[in-house]
Amino acid sequence: MKAIEQIIAGYVSLKNRQALEQLRDHRQHLLDDVRTHSVPGFWPSVVSDTLSEEIELIEGALARLDEDG
């Protein structure tokens, strides 16, 4: 299990929606930065893919919280 999955699972078990939303927003901000800033010799696709996957995981966790009420 990846570290981010463990963090998400912890927040879900605590039903900490605010922490999940902050984590998602932070990852989204990082993704936006990676996409808008170019650095010579740096290939942002791997980082972008990872951040996108993490955002999807977080959004899935938020959806589970909604289902559980």
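**Exercise 1.** In this predicted model, decide whether D66 is buried, partly exposed or exposed.

*Solution.*
Step 1. The relative accessibility of D66 is 54%.
Step 2. The cut-off for exposed is over 50%.
Step 3. D66 therefore counts as exposed.

**Exercise 2.** Find which residue forms a salt bridge with D66, and state where the two partners lie in the chain.

*Solution.*
Step 1. The partner is R17: its side chain meets that of D66 in a salt bridge, with 2.2 Å from N to O.
Step 2. R17 belongs to helix α2 and D66 to helix α3.
Step 3. With their positions 49 residues apart, the two link distant parts of the chain.

**Exercise 3.** Work out which residues make up the network of salt bridges that includes R17.

*Solution.*
Step 1. Besides the bridge to D66, R17 forms a salt bridge with E21, where the closest N and O atoms are 3.2 Å apart.
Step 2. R17 and E21 are both in helix α2, and their spacing of 4 residues is about one turn of the helix.
Step 3. The network of salt bridges thus links R17, E21 and D66.
Step 4. For accessibility, R17 has a relative accessible area of 28% and is partly exposed. E21, at 29%, also counts as partly exposed.

**Exercise 4.** State how many salt bridges the structure holds, then describe the one formed by K2.

*Solution.*
Step 1. There are 5 salt bridges in the structure.
Step 2. One of them joins the side chains of K2 and E53, at 3.6 Å from N to O.
Step 3. K2 is in the segment before α1 (3–13), while E53 is in helix α3 (residues 45–68), so the pair ties together parts that are 51 residues apart in sequence.
Step 4. E53 has a relative accessible area of 42%, which makes this residue partly exposed.

**Exercise 5.** Decide whether R27 is buried or exposed, and list what surrounds R27 beyond its neighbours in sequence.

*Solution.*
Step 1. R27 is found in helix α2, which spans residues 17–36.
Step 2. Its relative accessibility is 16%. Buried means under 20%, so R27 counts as buried.
Step 3. Apart from neighbours within four places in sequence, the contacts of R27 are I4, L51, E54, I55 and I58.
Step 4. With E54, the side chain of R27 also makes a polar contact of 2.4 Å, side chain to side chain.

Definitions and conventions. Residues are numbered from 1 along each chain as its sequence is written. This is a predicted model: local features need pLDDT of at least 70, side-chain atom pairs count only at pLDDT 80 or more; totals for chains, interfaces and linings use all residues. Side-chain values use heavy atoms; hydrogens and water are left out. Buried means under 20% relative accessible area, exposed over 50%, partly exposed in between (1.4 Å probe, protein chains only). A polar contact is a pair of N or O atoms within 3.5 Å; within protein, one must be able to donate a hydrogen and the other to accept it, and residues adjacent in sequence count only if both atoms are side-chain atoms. Contact means heavy atoms within 4.5 Å. A salt bridge is a side-chain nitrogen of Lys or Arg within 4 Å of a carboxyl oxygen of Asp or Glu.
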